[in-house]
Amino acid sequence: MADAILLHETHDTFGPIRVLDYGDSRVLSFGDNDEQSKILKTAPHIPQHTYVQGMMLVLLFCKPKSAIVLGLGGGALIHVLRRFDAAIKLTAVELRPTVIELAKHYFQLPIGKKLNVINDDALVFMASAEHKKVDVIFADIYSAKGVNTGQLSATFLEQCTQRIKPNGYLVLNCWKEHSQNRELLADLQQHFAHVNACLTSGGNWVIFASQIPQSLGASALKNQAQALSQQLDFSLERSLTRFGPWN
């Protein structure tokens with residue numbers, strides 16, 4: 001990897017925020033050896049982290065017209081969703097105002113009428129229950145220390161069910177260690193009829209919770225993944241081989 005050029009560095013209440021340039025890519029960092037977000041400058045719609053690739057498996061089961069993204073970072077999820085369908089109504093919630101500005105300035109955040117970026121604590125935002133119901137909620141609330149524990153709470157999961165349409169999905173980005181969290185699984189099963197997960201090669205445990213069953217067989221799912229991979233411009237097949245029921 002090329003040596004990094006530090007493009008921007010600042011501190012806020014929560015710690016450092018850095019933008020690093022590696023020539024062909026750009027990284028948002030909240031600490032040493034930390035990559036909160038990474039984009040390919042010539043193709044920002046191609047996710048550079050396997051957890052973002054894994055989260056996009058939801059598009060095999062749901063064709064969202066609206067979504068909430070909790071945790072903006074550099075906007076990697078926004079870029080992929082825009083590639084999938086430019087008409088999706090997106091609401092992105094980000095705690096740190098500086099991160100929002102950096103996403104716009106350094107990470108090609110696709111600003112437009114269909115994207116509403118809100119500066120707020122994601123957990124407070126979800127508790128307010130003022131947003132219309134959406135097809136998908138993507139929860140990716142992280143700091144330099146890891147996943148926000150509030151994202152794993154029974155209260156948060158219940159609030160998500162109230163904001164998701166009957167045929168919609170909750171997609172949670174967690175760590176591999178959370179695959180052993182039986183309390184989290186029980187809480188999810190209390191609110192959702194179907195819970196699937198994908199362990200990424202990067203060590204993330206991505207959870208997919210819904211009220212509707214996965215109706216496609218393995219062969220049809222593989223064919224659909226190939227078609228979706230062409231549309232998105234990256235392969236979903238490795239993520240799909242790691243996908244299955246969490247029980």
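Here is a short tour of this structure, stop by stop, to follow in your viewer.

**Before you click.** This is a predicted model, where local features need pLDDT of at least 70, side-chain atom pairs count only at pLDDT 80 or more, and totals for chains, interfaces and linings use all residues. Residues are numbered from 1 along each chain as its sequence is written, and side-chain values use heavy atoms, with hydrogens and water left out.

**Stop 1: the four-stranded sheet.** Helices (H or I, at least four residues) and strands (E, at least two) are DSSP runs numbered from the N terminus. Two strands pair if DSSP finds at least two bridges between them. Show strands 1 to 4: they make an open sheet in the order 1-2-3-4, with antiparallel pairing. Which strands stand at the edges? Strand 1 (5-12) and strand 4 (37-40) do, each with a single partner strand, so one side of each is left without a neighbour in the sheet. Now zoom in on strand 3 (residues 25-29), which pairs with strand 4 over four bridges. Pick leucine 28 and you'll find its bridge partner, serine 37, in strand 4.

**Stop 2: helix 3.** Select residues 97-106. This helix packs on the sheet and touches strand 1, strand 2 (15-21), strand 3 and strand 4. Contact means heavy atoms within 4.5 Å. The helix direction makes about 5° with that of strand 2. Axes here are lines fitted to C-alpha atoms, for helices over the stretch in contact, and angles run from 0 to 180 degrees between N-to-C directions. Helix 3 also lies across strand 6 (89-94) and strand 7, running at about 150° to strand 7.

**Stop 3: the eight-stranded sheet.** Strands 6 and 7 belong to an open sheet with the order 7-6-5-8-11-13-12-14 and mixed pairing. Its edge strands are strand 7 (115-119) and strand 14, and each pairs on one side only. Find strand 12 (residues 194-199) next: it pairs with strand 13 in the antiparallel sense over six bridges. Along that pairing, histidine 194 stands opposite serine 210 in strand 13.

**Stop 4: the nonpolar cores.** A nonpolar core is a set of buried Ala, Val, Leu, Ile, Met, Phe, Trp, Tyr and Cys residues joined through side-chain atoms within 4.5 Å. Buried means under 20% relative accessible area, exposed over 50%, and partly exposed in between (1.4 Å probe, protein chains only). The largest core has 43 residues, and those with the most contacts inside it are Met56, Phe138 and Phe208. Helix 2 (residues 76-84) gives the most to this core, with six residues. A second, separate core of 30 residues includes Phe156, Cys174, Val195 and Ala209. Back at phenylalanine 138, leaving aside neighbours within four places in sequence, its contacts include Met55, Met56, Leu77 and Val171.

**Stop 5: the rings.** Rings of Phe, Tyr and Trp (its six-membered ring) pair if their centres lie within 6.5 Å; planes under 30 degrees apart count as stacked, over 60 as edge-to-face and the rest as tilted. A search of the whole structure finds five aromatic pairs. Select phenylalanine 61 and tyrosine 169: they're stacked, 6.1 Å centre to centre, with 25° between the planes. These two sit 108 residues apart in the chain. Tyrosine 169 counts as buried, at 4% relative accessibility. Then try phenylalanine 208 and phenylalanine 243, an edge-to-face pair at 5.3 Å, with 70° between the planes. Ring pairs link Phe61, Tyr169, Phe208 and Phe243 into a cluster.
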